[in-house]
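Me: I would like to learn how to read helix packing, aromatic pairs and a ligand shell from a set of coordinates. Could we work through one case together?

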Amino acid sequence: MSTSNDFAPPRPLIDPLQRSISYLRVSVTDRCNLRCVYCMPEQGVPFVPHQEILTLEEMTRIIRVAAGMGLRRVRLTGGEPLVRKGVVNLVRWIAQTPGIEDISLTTNGMILASYAHELAAAGLKRVSVSLDTLRPQRFQQITRRGDLSAVMAGIAAARDAGLSPLKLNVVIMREVNDDEIVEIARTTLEEDWQVRFIELMPFMDEQETCIRDTSRPLDFIPSQEVKRQIEEALGPLEAAETSTGGGPAKYYRLPGAQGLIGFISPLSEAQFCATCNRMRLTADGKIRPCLLTDQEVNLKETLRRGGSDDELRQRILKALDSKPDAHHLGDGNRPKWRKMAQIGG
Ligand code: SAM
Ligand code: SF4
């Protein structure tokens, strides 16, 4: 089995639409310690058996091969990445990979307090923490088993460990947490956080997304409406640039604020996919050129039959060539085989 990485790619990671793909989101596990209403059904999803999940060494090899083709940034996600045993080692190995300039991690924050310092020492640069409410009881309802104080401790530990800037991911749902939009936006006046309001994507069946005690299915709110509410209450937002992430968020700042307010608008922004720079690796070893469509290419099969680095490169290019122009959520088409936590959100 060849493990050479000659660092002279046969073809860089540029898709047929000339989008340059420098960013890989890696789902390190499909398991999670929470059951957020918009992401997982209360009873969970059938988890992939352990032997079908890529080993950390296999993930590192894929990243090394992709780095030789132009991959520069990696984000670890899941499921909940911090429940995967050995995740700190994975961060260390990725940090040591030639070509990789940035490693970040998206977490629900529940056990971040125990890991923040170790992760930073291993080479992690930043974390995004998902937090849809600042109210403990509501947090418990949305996540079905979360503890807001543990997440706040995680955020404090991340700051202490120098994992900065902190991004907060906030999924806004009508009549669930939309009454907190202004309150959450206001935190950026004092905190140097990047608060990102994310449009709810329809990943689940209606009956799976009901909040306990109501039978109401979840409803998304377009970013324009969220922005309007913030501006009406707190004044005009100024457009802002950020050097971190290169992701789909459009950033703004309240006058004089320490932090930023971002909007991620997969549903309402017509050009959302035009600047997409990412692919995803699922925990069971499939490379997915798009979160929101079902194409995937099996890398685990190549790895486990002893395929060469060159074969892996060809498989990665195959996925790249099938990257769709745009998602079709607006026409009612959503990923059929997998939930968000199984792809890596
Ligand atoms: N468990 C980690 C967490 O919650 O941060 C990482 C995985 S989670 C799938 C990644 C992100 O996807 C979270 O910020 C979560 O809020 C977001 N997400 C999950 N389901 C979503 C949905 N249906 N619409 C929009 N965002 C969603
Ligand atoms: Fe778990 Fe994250 Fe999905 Fe919530 S959003 S259920 S924390 S994977």
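Reply: We take a helix, then the aromatic rings, then a ligand, bearing in mind throughout that this is a predicted model.

Me: Which residues of helix 4 are buried, and why do they lie on the same side of the helix?

Reply: The general idea comes from helical periodicity: an α-helix has 3.6 residues a turn, so residues three or four places apart point the same way. In this model, helix 4 spans residues 136-143, and its buried residues are R138, F139, I142 and T143. Because these residues cover an arc of only 120° around the axis, they fall on the same side of helix 4.

Me: What do the buried residues of helix 4 pack against, and which residues are exposed on the other side?

Reply: The buried residues pack against helix 5, which runs over 148-160, whereas P136 and Q137 are exposed on the other side of helix 4. As for what comes after the helix, helix 4 is followed by R144, a residue with a positive phi, near 65°.

Me: How many aromatic pairs does the structure hold, and why does the pair of F197 and F263 count as stacked?

Reply: The reading rests on the distance between ring centres and the angle between ring planes, with planes under 30 degrees apart counting as stacked and those over 60 as edge-to-face. The structure holds two aromatic pairs. In the pair of F197 and F263, the ring centres are 6.0 Å apart and the planes meet at 25°, so this pair is stacked. Because F197 belongs to strand 6 (residues 194-199) and F263 to strand 9 (residues 260-264), the pair ties together parts that are 66 residues apart in sequence. F197 and F263 are both buried.

Me: What is the geometry of the pair formed by Y252 and F263?

Reply: Y252 and F263 are arranged edge-to-face, at 5.8 Å centre to centre and with 65° between the planes. This pair, too, links distant parts of the chain, since Y252 sits in strand 8 (residues 250-253) and F263 in strand 9, 11 residues apart. Y252 counts as buried because its relative accessibility is 19%, under the 20% cut-off, and F263 is buried with a relative accessible area of 3%. F197, Y252 and F263 together form one aromatic cluster.

Me: Which residue lies over the face of Y252?

Reply: K227 does, at 4.7 Å from the ring centre of Y252.

Me: How many residues surround ligand 2, and which are the closest?

Reply: A shell is read by listing its members and then sorting them by class. Eight residues surround ligand 2, the closest being C32, L34, C36, C39 and N108. By class, this shell has five nonpolar, two polar and one charged residues.

How values were computed
Residues numbered from 1 in each chain as written. Chains lettered and ligands numbered in written order. Predicted model: local features only at pLDDT ≥ 70, side-chain atom pairs only at ≥ 80, totals over all residues. Heavy atoms only, no water. Buried < 20%, exposed > 50% of the residue type's maximum accessible area, 1.4 Å probe, protein only. Helix = DSSP H or I, 4+ residues; strand = E, 2+ residues; numbered from the N terminus. Arc of directions from axis to C-beta. Contact = heavy atoms within 4.5 Å. Phe/Tyr/Trp six-rings, centres within 6.5 Å; stacked < 30°, edge-to-face > 60°. Lys NZ or Arg CZ within 6 Å of the ring centre and 35° of its normal. Near = heavy atom within 4 Å. Nonpolar A, V, L, I, M, F, W, Y, C, P; charged D, E, K, R; others polar.
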